[in-house]
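Subject: Structure handover

Hi there,

Here is the structure I promised to pass on to you, as a predicted model. My notes on what turned up in it follow below.

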Amino acid sequence: MRRLLLAFALLAGGASAADAPATLPALKIDTARVTVAGLSSGAYMATQVQVAYPDVFHGAALVAGGPYGCAQGKLDVALGSCMKGTPAPDVAALAAQARARAAKGEIGPLAKLASAKIYALHGAQDALVAPVVGHASAGFYDALKKADPSLAGMSVVDDGDRAFAHNLPIAAKGDDCGKSVSPFLGHCDFDAAGEIFAKLYGKPSRAASMARGEVRAFDQDAYKAEGKDAFLASTGYVYLPPDCLAGKPCGVMVALHGCKQNADLVGKAFVEDAGINRWADVYDVAVLYPQTRAVFAPLNPQACWDWWGYSGENYDTRAGVQLRWLVDALRGLGLPAVK
């Protein structure tokens, strides 16, 4: 009986280890095709990581977010100017601050934005993040271009007149397009994912069908920078198109969910239902879906990405713990080391 129990324990332990999330698979990464996209707090994080690492992220899609550096590390500013738009964000001042940070080495060299593609998408019916804030997310990059002629080649598209609320529109029709309700995927008969890919990667070679690749879970704790807590969930997800799995050169998109949209709260809705994966097949782009977690110390009960400073005062620089985690996770996928 003792031997039987021991054998059962060993088998149970083996099954548990096999089911545990693994590390990320190493792909053949095309470094010129690495981008980031995000919704709401994910949009704020997307502009942070793209401005902090313009040498890594060659495009950014910002859905229902605002400009880089908007909150200034202050929650009251985040809730006021950066969400309600009162007062509207001063994009010229924020651009000047970004240039000063780049000169100090706190963020990457802004000259690397010269060939970047920026797509700012915002619903005209958004009652949570005011349209003026959404326009400012594009206006920040326009202000950088205005101050530096070498950035004239940067593409900035401000798409803020479509009729939808605070959500990510998907191609299906429904009655929630004008609402902001979980899982924050608005059935608007508008394929935002397809538009994002077209703006960041160019016209598609074919129409997208159903996703045919694999969604895999991975251990997010394996990519902690120096073991520091980045206030993320233990498990994240990655989507791997068939061609990427076959060893062909592959781009990468980091797709960042919004507040109250992590897997703990909505399951895999953002990971599997946003429409991103089927377009990833068309463009041969792996998609990294990092997941946050809700915490009360520091205060982040809605599992937002850090765009106001709950993870530390350097949250929107290369020293930011969440930004460093994102870059380390990309290294896990096969991206060369970043200086």
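Helix 2 and helix 5 pack with their axes 12 Å apart and an angle of about 5° between them. Angles under 35 degrees count as roughly parallel, and helix 2 and helix 5 are therefore roughly parallel to each other. On the helix 2 side the contact is made by Tyr 44, Thr 47, Gln 50 and Val 51, and on the helix 5 side by Val 133, Phe 140 and Tyr 141. By class, the residues of this contact divide into five nonpolar, two polar and no charged.

Helix 5 (residues 131–147) also meets helix 4 (residues 91–104): their axes come within 8 Å and cross at roughly 60°. Helix 4 and helix 5 are therefore oblique to each other, and their crossing is right-handed. Helix 4 brings Val 91, Ala 92, Leu 94, Ala 95, Ala 98 and Arg 99 to the contact, while helix 5 brings Ala 136, Gly 139, Phe 140, Ala 143, Leu 144 and Ala 147. Sorted by class, that makes 10 nonpolar, one polar and one charged residues. Phe 140 of helix 5 is worth a look on your screen, as it appears both in the contact with helix 2 and in the contact with helix 4.

A third helix pair is helix 6 with helix 10 (residues 276–283), packed at an angle of about 35° with axes 9 Å apart. Helix 6 passes helix 10 in a right-handed crossing. From helix 6, the residues Ala 193, Gly 194, Phe 197, Ala 198 and Tyr 201 meet Ile 276, Trp 279, Ala 280 and Tyr 283 of helix 10. This contact holds eight nonpolar residues, one polar and no charged.

Two of those residues, Phe 197 and Ile 276, lead on to the empty space inside the model, since both are in the lining of the largest cavity. The structure holds one cavity of 30 Å³ or more, and the largest cavity has a volume of about 80 Å³. Besides Phe 197 and Ile 276, its lining is made up of Ala 37, Gly 38, Leu 39, Val 63, Leu 168, Ile 196, Met 253, Ala 255, Leu 256 and Phe 270. Strand 1 (29–39), helix 6 (192–201) and strand 9 (250–256) are the elements that give two or more residues to this lining. By class, the lining of the cavity has 11 nonpolar residues, one polar and no charged.

Then there is the open space, which may interest you if you like looking at pockets. How big is the volume of the largest pocket? The value is about 480 Å³. The pocket is lined by 26 residues, and the closest to its centre are Met 83, Leu 128, Cys 259, Gln 302 and Cys 304. Two or more lining residues come from each of helix 2 (41–52), helix 3 (75–84) and strand 12 (299–300). Which element gives the most to the lining? That is helix 3, with five residues. Divided by class, the pocket lining has 17 nonpolar, eight polar and one charged residues.

Finally, a few backbone details to keep in view:

- Ser 182 and Pro 183 are joined by a cis peptide bond, with omega about 5°. Pro 183 sits in the loop between strand 5 (168–170) and strand 6 (185–187).
- Another cis peptide bond runs from Ala 297 to Pro 298, with omega near 0°. Pro 298 is found in the loop between strand 11 (295–296) and strand 12.
- Glu 226 has a positive phi of about 55°, although it is not a glycine. Its place is in the loop between strand 7 (214–219) and strand 8 (235–240).

Over to you, and happy exploring!

Best wishes

Key:
Residues numbered from 1 in each chain as written. Predicted model: local features only at pLDDT ≥ 70, side-chain atom pairs only at ≥ 80, totals over all residues. Heavy atoms only, no water. 1 Å grid on protein atoms, 1.4 Å probe; cavity = no way out; pocket = protein on both sides within 12 Å on 5 of 7 lines; lining within 4 Å. Points joined across faces, edges and corners; volume = space filled by probe spheres on them. Helix = DSSP H or I, 4+ residues; strand = E, 2+ residues; numbered from the N terminus. Nonpolar A, V, L, I, M, F, W, Y, C, P; charged D, E, K, R; others polar. Axes fitted to C-alpha atoms, helices over the stretch in contact; angles between N-to-C directions. Parallel < 35°, antiparallel > 145°, perpendicular 65-115°, else oblique. Left-handed = near helix turned anticlockwise from the far one by under 90°. Contact = heavy atoms within 4.5 Å.
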